[in-house]
Amino acid sequence: MSSTRGTPGAAGAAGGPGGHGAPEARGALETPGAPGARAAHGASEAGGAPGAGGAHGSGGEYGKRGIGHLVCGRRAKWLVLALWLVVLFLAAPLAQKLTDAQDNDAASWLPGSAESTQVLESSEDFRPEQIPAIVVYARESGLTAADRERITADAARLRQLSGHGIRGAETRGPVYDRETDPRAARILVPITMDEQGWQRIAPTVDSLRDEVGGSDGGLAVHITGPGGTSADFAEAFEGIDSTLLFAAMGVVVVILLFTYRSPALLLVPLLSVICALFTAQALIYLLAEHTGLTVNGQSAGILTVLVFGAGTDYALLLVARYREELRRHEDRHRAMARALHRAGPAVLASGATVVLSMLVLLVAEMNSTSGLGPVAAIGVAVALPAMMSLCPALLVVFGRWIFWPVIPRHGSPDPTERGVWARMGRRIARGPRMVWGVTAAVLVVCSLGLVQLRAEGIGNADAFTGKPDSIVGQEISARHFPAGSGDPLVVVGARARAGELRRAVSSTEGVVPGSPGLPPGSRPYVGDMVLFEATMTAPADSEAAKETVERVRDAVHVVPDADAQVGGGTAALLDMDRATTHDNLVIIPLVLLVVLLILCALLRALIAPLLLIGTVVLSFAAALGLSALAFRYVFDYAGESTDFPLFVFVFLVALGIDYNIFLTTRIREEAGLRGTRRGVVTGLATTGTVITSAGLVLAGTFAALGTLPMVAFAEIGFAVALGVLLDTFIVRSVLVTSLFLDVGPRVWWPHRLAREDGAGAVREAEVWVPPSCGQPRSSEPGGYARLNCWPTRPASRSWPIPWRHIEWCCQGMERGKPAAPSLGMPSAGADPLRLPYLLARFSPRPIGS
């Protein structure tokens, strides 16, 4: 080293950049790229050297404070594992009972204040809640004498049935389509739908099918009507938990194996997610049994997908940061503590976004939607602590070998700076405005597919991906009988006005004249109220039938002192449509507001959150547009359910914003050290792989909904999966990156980082410290070692920097510090990109925090 730099005083006297240029003068602590420097640095960070323990303050900077100590300490990790084993032992039996706690009857889906819901409740005073199963017989050439004998015999046997909720004594029929030369006949069998009605509807219809037999000799025999359709829906929901569990598990295994290339490592996130799922299911079961929480097949299915997708995403982010820290720390406990400290805020913010967005669904009028909110929120709320405690504990217990065959060795180079995402970031940085302009234009073009969206509801005939027996029977029945005869209108009103109500209903367009009457098995009146049914001419699930319901309601509501209400299956569909429209108008803005507030709190900025919200909304529109085109011209679906846009929006915004959170929190961290533009490129490079893997996992788990034989689930799964892929590969990697590069430091407004932009990150001061600070003794006089430190107050732009503006490694380690450390001029050739982690250690409060 030059003699002018032999002492602290000489260093201050040198004062020029020329004295800072000799490579041999930089020392091991300044050059993390050198193996020796990495070893020394890693030892001090890991607490391996005697002096290094004090180098992080009393007890260590991260290893013995906060969540890291509680989760991944040398003893704490075993306590965490023991705790989760106990939880799993208690939760697994309860989780298996969640299917039995599901409530899939009409009231669990209908709006609580809807007219059809009130009619459903009032009708229970007249008769037990019931639905008709209709046995349809048809021969296009005309029923033969043998056919009619068989039909009569079947009706006689059905009247004798009483098990499985069958009300055989109230069986009606056979009814023929015409008096002479009939071609079709029907027998209507009422089925009681009590608390166990949904669970037993499928075996009940199977018992009817055993009695009447199947099609034979050209005579078609099918069971349809609300009872037959409900049985097919129940069979579709049967085993939904196990079907989705294995489908989602298969997707996660394949993607994790491709991502990690380690057969052992994928087991850690997988075991953690399964434990979280069982725990969430057990908790939801207890709440459903003891607090009245509504759980149906829809919410139970989405719970499985959400916990698997979101939980695996959080695990991927944590594992990626842990692997990054393992390259810098010899001690895996310290590496995990550091990973939790760095990745924890992003994971918690992402989880909070999903939980709060799901809880917004509580304001929905639809019971099925409002019930989904707490179920999904509980699932994510349980997944968060599992991924932040069980997953880290398992990783620390297994050690580095769990990453075999690609083990992150201490001191090995981080490959992210040379990866595809680093190259993409540098290319985008050459012309960010052009990039985001073209990308936004492409997404706008994709959103034009919204003109093909038909979110007006799905009829029973189009609700299944296949064509079950009830749908075939419904089509045959509609050809020979009034289309709405299997699912009539139900009218409840004042007994004194019964005659006027019947005449008003019978004369309404769309109602079969003379059809209003008392259904079999029903009381003629209860108190001063009366109930009767009426048959519609249109299919019960058609738009024409809904219009008929509106006309009938208008007709009976004007009857004075009648207090009439109109319900039934068609009325329920109409009320669902209206409630969903209300929910769309209320919930979507609330979710956007919740996400915006969380982003503002996390990033401590306003411009960046607004940009992120805009990109997510644009991504949602593009995903919906592309999905609508696919549904029309690829899958040939008839339409979408009315709540389809709402569910897709909530899941895409709540989950899609996760990737923006992962990216922007890392960008902000790097911006405080390197400046915004370099921070954007570095943030994309370091998070690109993990976010891509997380996006593939989440898209794959939602795509697993397509394994269910119901169009509504398949559409939601496809649209959410497509939107997640757009967020992962287009919005996050291209649109957000280019926008942040174009806007620059102003993206952090009104935070001071918008003005300072990591000013301290591009300047460094040399500080000479004595060996009492815990640094290796150098060959210089007095053992002083030279370090490069960054100013913690970027407003200090003059050189030399005042001592009070430097926080260096001695603070918090030794009470005695050098009276006047020598500060030199900024390094002319220093590349701060090579020293971010090392220098950040010397500044406990990174710039921009």
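This passage walks through the fold, one sheet, a loop residue, a surface patch and the salt bridges of a predicted model.

Starting with the overall picture, the protein has 849 residues, and 58% of them are buried. Its secondary structure comes to 25 helices and nine strands. Among the contacts with a separation of 6 or more, 79% are between residues 24 or more positions apart. On the outside, the protein exposes about 32,600 Å², with carbon and sulfur atoms supplying 60% of that area.

Next comes the sheet. Four strands line up in the order E2-E3-E1-E4, giving an open sheet with antiparallel pairing. Strand E2 (172–176) and strand E4 (220–224) sit at the edges with a single partner strand each, so one side of each has no neighbour in the sheet. On average, neighbouring strands here are turned by 20° against each other, direction ignored. Strand E1, covering residues 130–138, runs antiparallel to E4 and is joined to it by five bridges. Tyrosine 137 has valine 221 in E4 as its bridge partner. Two helices lie across these strands. Helix H6 (residues 145–158) lies across E1, E2, strand E3 (184–192) and E4, and runs at about 165° to E2. Helix H8 (residues 225–237) lies across E1 and E4, at about 100° to E1.

Further along the chain, alanine 562 is found in the loop between helix H18 (543–557) and strand E7 (565–567). Its relative accessibility is 0%, so alanine 562 counts as buried. Leaving aside neighbours within four places in sequence, alanine 562 is in contact with Gly493, Ala494, Arg497, Leu501 and Val556. Valine 492 is 70 residues away from alanine 562 in sequence, yet the two C-alpha atoms are 9.0 Å apart in space.

The residue just before it, aspartate 561, forms a salt bridge with arginine 497, with 3.8 Å between the closest N and O atoms. This pair links distant parts of the chain, 64 residues apart: aspartate 561 is in the H18–E7 loop, while arginine 497 is in the loop between strand E5 (489–494) and helix H17 (498–506). Aspartate 561 is exposed, at 63% relative accessible area, whereas arginine 497 is partly exposed at 24%.

The whole structure holds 19 salt bridges. In one of them, glutamate 140 pairs with arginine 479, the closest N and O atoms being 3.6 Å apart. Glutamate 140 lies in the loop between E1 and H6 and arginine 479 in helix H16 (residues 469–480), so the pair ties together parts 339 residues apart in sequence. At 48% relative accessibility, glutamate 140 is partly exposed, while arginine 479 is exposed at 52%.

Arginine 553 and aspartate 575 form another salt bridge, with their closest N and O atoms 3.0 Å apart. Here the pair links helix H18, which holds arginine 553, to helix H19, which holds aspartate 575, across 22 residues. Both of these residues are buried. There is also a network of salt bridges, linking Arg150, Asp154, Arg157 and Glu211.

Finally, there is a nonpolar patch on the surface, formed by Val363, Leu590, Leu593 and Leu597, with about 340 Å² of accessible area together. Leucine 597 belongs to helix H19 (residues 569–603) and is exposed, with a relative accessible area of 53%.

Technical notes:
Residues are numbered from 1 along each chain as its sequence is written. This is a predicted model: local features need pLDDT of at least 70, side-chain atom pairs count only at pLDDT 80 or more; totals for chains, interfaces and linings use all residues. Side-chain values use heavy atoms; hydrogens and water are left out. Buried means under 20% relative accessible area, exposed over 50%, partly exposed in between (1.4 Å probe, protein chains only). Contact means heavy atoms within 4.5 Å. Accessible areas come from the Shrake-Rupley method with a 1.4 Å probe; for residues, only the protein chains shown count as cover. Two strands pair if DSSP finds at least two bridges between them. Axes are lines fitted to C-alpha atoms, for helices over the stretch in contact, and angles run from 0 to 180 degrees between N-to-C directions. Patches are made of residues with over 30% relative accessible area and no salt bridge: like charges are joined within 9 Å, nonpolar side chains (Val, Leu, Ile, Met, Phe, Trp, Tyr) within 5 Å. A salt bridge is a side-chain nitrogen of Lys or Arg within 4 Å of a carboxyl oxygen of Asp or Glu.
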